[in-house]
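Student: I'd like to go through this one by asking why each label is deserved. Can we take it piece by piece?
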Amino acid sequence: MGGAAAIRDGLIGRLRTCLMTTPSDVLARKLRRFMNFTGEELRVLHRLDEPRRKVEAHTELTVEGQERQDCYILLEGWAACYKLLPDGKRQIINFSIPGDFLGLRSFLLRTADHSVVTLTQAWVSQFEQQRILEILEMLPRLGAAILWALSREEAIVVEHLVNIGRRKATGRVAHLLLELGERLRLVGLGNDGGYACPLTQEELADAVGLTPIHINRVLRQLRERGLATLSQRQLVIHDLAGLQELAEFNIGFLDHNGLKHKPE
Amino acid sequence: MSNEVKESALLRKLRHFLDFSSEDVAGIVALEEQELAVAPRTEIVSQDSGDQSYFVLLRGWAACSKLLPDGRRQIINFAVPGDFLGLRSFLLPKADHAVVTITEAAVSQFPHQRMLDLIRENPRFGAAVLWALSFEQAIVVEHLVNIGRRSALERTAHLLLELEARLGFVDLAPNGKFELPATQEDLGDALGLTTVHVNRVLRQLRAQGLVATQQRRIEILDRDGLQEVAQFSAGYLEHVAASRLGQRGAR
């Protein structure tokens with residue numbers, strides 16, 4: 001068991017992340033995976049990051065059914081997009097991590113088709129949907145990068161559908177944990193050894209269509225099989241290959257190469 | 001069903017969103033010029049294929065699905081006339097899903113570059129494409145809620161109401177009656193249920209007097225009752241209409 005080594009790697013990773021990532025950088029860092037930007041495009045992108053404001057944990061940024069929706073960029077912290085059923089059950093559609101847009105998904109809908117809530121204390125910047133349309137018109141390349149981020153997010157939602165529809169409980173949880181790891185790594189917040197993960201068992205349960213009790217059992221299995229340990233808001237991955245095999249994880253859907261798969 | 005359709009399903013659908021000039025209409029009609037007949041159960045888009053082509057489904061039904069390495073299949077969405085096929089992976093280097101026809105179908109194909117050119121030449125067309133994508137995405141999200149948190153009966157009722165609403169957009173569900181060519185196996189793969197379970201649930205819906213089924217036809221008999229079972233709210237199918245984006249595009 002490489003438990004101690006993995007914990008050490010995790011710590012080093014976290015330290016490195018703190019040093020490397022300034023919050024304002026996360027969106028550009030993500031979109032740069034799609035293409036290289038001109039100076040002007042970068043300036044416009046960075047302007048979306050301002051003004052930033054602090055939001056407490058468990059604050060609703062968007063409420064399902066609300067008519068006017070602003071868009072946000074999550075600069076720091078975690079959030080969840082979810083839908084509530086009339087009987088109070090909740091389905092988390094996706095978790096949001098730094099560098100993600102919030103509320104952009106349904107910007108063509110008459111009303112927000114989902115709610116967005118912060119899971120941790122967070123920093124966000126807020127802007128009107130109109131801004132995105134202006135960018136699409138004036139800076140089509142940057143517009144394309146934003147659309148790429150949106151299609152990527154949709155690919156993630158589709159993967160969640162496959163996850164719940166067709167994978168067994170352990171595979172589902174493993175798949176979600178791996179997906180989050182890859183997404184966090186893209187913005188400099190994780191590595192092969194793991195990442196800081198503030199999710200509760202209830203939040204995990206609402207994302208993968210299980211009960212919190214079931215999640216508890218699955219997490220124990222992952223730990224006992226020497227694959228991964230989630231405790232004290234830190235996921236430590238002991239056996240990345242084993243976890244990937246269990247989850248039938250194929251990173252393709254995250255398209256981390258963007259347009260750059262073509263030689264430049 | 002009559003084959004004599006004056007206006008294409010795609011136009012009928014997009015008109016819910018934008019008022020088109022005759023020039024716009026000409027552009028869209030041109031997209032659908034070359035009609036291709038496809039046999040049932042034919043793969044039109046292959047998962048992981050990098051050869052990106054898109055289609056408009058003119059007639060018939062198709063299923064967009066994702067295949068797991070062990071052969072299991074999750075249907076992401078059914079496609080009905082007027083829907084784009086393969087457009088979901090527009091900006092991805094490879095198709096992240098497969099599209100297979102369910103019935104005999106007619107499609108028209110347009111290459112990636114054609115699509116980009118059209119969007120560049122006509123921003124209003126671009127807006128309409130975005131709208132169609134976001135519409136489809138709202139449906140996928142609802143499917144996630146469906147299999148994550150609704151019971152077998154609720155999710156089946158929900159899917160039937162959604163299909164009726166979508167077919168209604170293209171005038172294919174008059175008076176709550178529509179063709180449902182998907183087999184119980186297809187429905188099971190969309191709903192995360194077994195075929196046996198789907199069969200049982202459909203019987204239950206019939207027994208409660210909510211729907212009638214005959215061959216491949218469905219009739220919604222008690223809309224309120226069915227909506228109550230499904231906890232159905234059509235909000236996710238209602239998009240911003242021309243008033244908002246149309247004006248923006250016309251500036």
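Student: What is Ala79(A) in contact with, leaving aside its neighbours within four places in sequence?

Tutor: This is a predicted model, so keep that in mind throughout. Contact here asks for heavy atoms within 4.5 Å. By that test Ala79(A) touches Leu74(A), Asn94(A), Phe95(A), Ser96(A), Leu102(A), Val116(A), Val117(A), Thr118(A) and Leu119(A).

Student: Why is Ala79(A) called buried?

Tutor: Buried means under 20% relative accessible area. Ala79(A) comes out at 0%, so it counts as buried. The residue sits in strand β4 of chain A.

Student: How far apart are Ala79(A) and Leu186(A), in sequence and in space?

Tutor: They are 107 residues apart in sequence and 17 Å apart in space, going C-alpha to C-alpha.

Student: What makes β4 of chain A largely enclosed?

Tutor: Count its residues under the same 20% cut-off. In β4(A), residues 79–84, 5 of the 6 are buried, so the rest of the structure largely encloses the strand.

Student: How do you know which strands pair with β4(A)?

Tutor: Two strands pair if there are at least two bridges between them. β4(A) has 6 bridges to β5(A), residues 90–96, and 4 to β7(A), residues 115–118. That clears the bar for β5(A) and for β7(A), and the run is antiparallel with β5(A) and also with β7(A). Ala80(A) stands opposite Phe95(A) in β5(A), while Tyr82(A) faces Ser115(A) in β7(A).

Student: What do β4(A) and β5(A) form, and what is the phi of Gly88(A) in the turn?

Tutor: They make a hairpin with 5 residues between the strands, and Gly88(A) in the turn has a positive phi of about 95°.

Student: What makes β9 and β11 of chain A edge strands?

Tutor: Start with the order: 4 strands form an open, antiparallel sheet in chain A, running β9-β10-β12-β11. β9 (190–191) and β11 (228–231) each have a single partner strand, so one side of each is left without a neighbour in the sheet. Inside that order, β10(A), residues 194–196, and β12(A), residues 234–237, are joined by 3 bridges and run antiparallel. Gly194(A) stands opposite Val236(A) there.

Student: How do you know that the peptide bond from Glu50(A) to Pro51(A) is cis?

Tutor: Look at omega: it is near -10°, and the bond is cis. Most peptide bonds are trans. Pro51(A) lies in the loop between α3 (39–47) and β1 (52–55) of chain A.

Student: Over to chain B. Why is it called as compact as a globular protein of that length?

Tutor: First the inventory: chain B has 9 helices and 11 strands. Its radius of gyration is 18 Å, close to the 18 Å that the globule rule gives for 251 residues, so the label fits. The C-alpha atoms fill a box of roughly 55 × 40 × 35 Å along the principal axes. As for burial, 59% of the 251 residues count as buried. Of the contacts with a separation of 6 or more, 72% are between residues 24 or more positions apart.

Student: What makes Arg41(B) worth a second look at its phi?

Tutor: Most residues other than glycine have a negative phi. Arg41(B) isn't a glycine, yet its phi is positive, about 60°. It lies in the loop between β1 (36–38) and β2 (43–45) of chain B. Asp171(B) also has a positive phi of about 60° without being a glycine, and it lies in the loop between α5 (152–169) and β9 (177–179) of chain B.

Student: Why is Arg41(B) called partly exposed, and what is Asp171(B) at 54%?

Tutor: Exposed means over 50%, buried under 20%, and partly exposed is in between. Arg41(B) has 41%, so it is partly exposed. Asp171(B), at 54%, counts as exposed.

Student: What makes β8 of chain B largely enclosed, and which strands does it pair with?

Tutor: In β8(B), residues 105–111, 5 of the 7 are buried, so the rest of the structure largely encloses the strand. β8(B) runs antiparallel to β1(B), with 3 bridges, and antiparallel to β3(B), residues 53–59, with 6 bridges. Val107(B) stands opposite Leu36(B) and also opposite Leu57(B).

Notes:
Residues are numbered from 1 along each chain as its sequence is written. Chains are lettered from A and ligands numbered from 1 in the order in which they are written. This is a predicted model: local features need pLDDT of at least 70, side-chain atom pairs count only at pLDDT 80 or more; totals for chains, interfaces and linings use all residues. Side-chain values use heavy atoms; hydrogens and water are left out. Helices (H or I, at least four residues) and strands (E, at least two) are DSSP runs, numbered from the N terminus. The radius of gyration is taken over C-alpha atoms; the globule rule is 2.2 Å times the number of residues to the power 0.38. Buried means under 20% relative accessible area, exposed over 50%, partly exposed in between (1.4 Å probe, protein chains only).
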